[in-house]
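Hi,

Here is the structure I promised to pass on. Have a look at it first, and my notes follow underneath.

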Amino acid sequence: MTAYATQKIKQLWLEITPKCNLGCVHCYADSHPNRPLRESLQFEDWCSIIDEAAQMGCNRLQFIGGEPTLHPDLATLIKYSKKCGIPNLEVYTNGTAVTTARTCMPKRTGDDEDNEDDY
Ligand code: SF4
């Protein structure tokens with residue numbers, strides 16, 4: 001546990017990719033299809049951030065981008081966040097890749113911890 005563990009945060013936004021399948025002129029993040037899927041932070045870095053956020057009492061985490069459903073680690077990061085005990089998880093998506101988004105989410109399996117109604 002780090003020194004940060006004594007501090008509290010309620011919510012965290014994780015900009016997991018600058019890439020987007022769209023290229024809106026008003027984009028707040030200058031996202032477009034030619035941006036890279038990943039920048040400096042790798043999967044292990046995101047897990048470390050999620051760990052630290054959970055230790056600091058974070059109870060709401062939102063995955064943003066770019067378009068977060070393009071990121072191949074999204075489903076794993078969601079599972080990891082749940083495992084860390086963060087109860088409210090959101091994916092801020094433009095919805096145009098909703099098929100991709102649904103297939104990358106953990107499958108509904110009844111009352112187990114992967115129930116997608118929790119997102
Ligand atoms: S992240 Fe949102 S605003 Fe930016 S290009 Fe994609 S859909 Fe448009």
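**Around helix α2**

Right after α2 comes Gly-85, with a positive phi near 90°. Bear in mind that this is a predicted model.

The helix itself spans residues 74-83, and its buried residues include Leu-74, Leu-77, Ile-78 and Ser-81. These four sit on the same side of α2, because the arc they cover around the axis is only 105°. Lys-82 also belongs to α2. Is Lys-82 buried or partly exposed? Lys-82 has 19 C-beta neighbours inside 10 Å, and a residue needs 20 or more to be buried, so Lys-82 counts as partly exposed. From Lys-82 to Ile-50 the C-alpha to C-alpha distance is 9.8 Å, with their positions 32 residues apart in sequence.

**Strands and crossover**

Ile-50 takes us back to the earlier part of the chain. Strand β1 (residues 11-15) runs parallel to strand β2 (residues 60-64), and the two pair over 5 bridges. One of the pairings puts Leu-12 opposite Leu-61 of β2. Together with helix α1, which covers residues 43-55, the two strands make a right-handed β-α-β unit.

**Ligand shell**

You will probably want the ligand surroundings too. The residues around the ligand are Cys-20, Leu-22, Gly-23, Cys-24, Cys-27, Ala-29, Ser-31, Gly-65, Gly-66, Glu-67 and Asn-94. Sorted by class, that shell has 5 nonpolar, 5 polar and 1 charged residues.

Cheers

How values were computed
Residues are numbered from 1 along each chain as its sequence is written. This is a predicted model: local features need pLDDT of at least 70, side-chain atom pairs count only at pLDDT 80 or more; totals for chains, interfaces and linings use all residues. Two strands pair if DSSP finds at least two bridges between them. A crossover is right-handed if, with the strands pointing away from the viewer, the path from the first strand over the helix to the second runs clockwise. A residue is buried if 20 or more other C-beta atoms lie within 10 Å of its own, exposed if 12 or fewer, and partly exposed in between; C-beta atoms are placed from the backbone. The arc is that of the directions from the helix axis to the C-beta atoms. A residue is near a molecule or strand if its C-beta atom, placed from the backbone, lies within 6 Å of it. Ala, Val, Leu, Ile, Met, Phe, Trp, Tyr, Cys and Pro count as nonpolar, Asp, Glu, Lys and Arg as charged, and the others, Gly among them, as polar.
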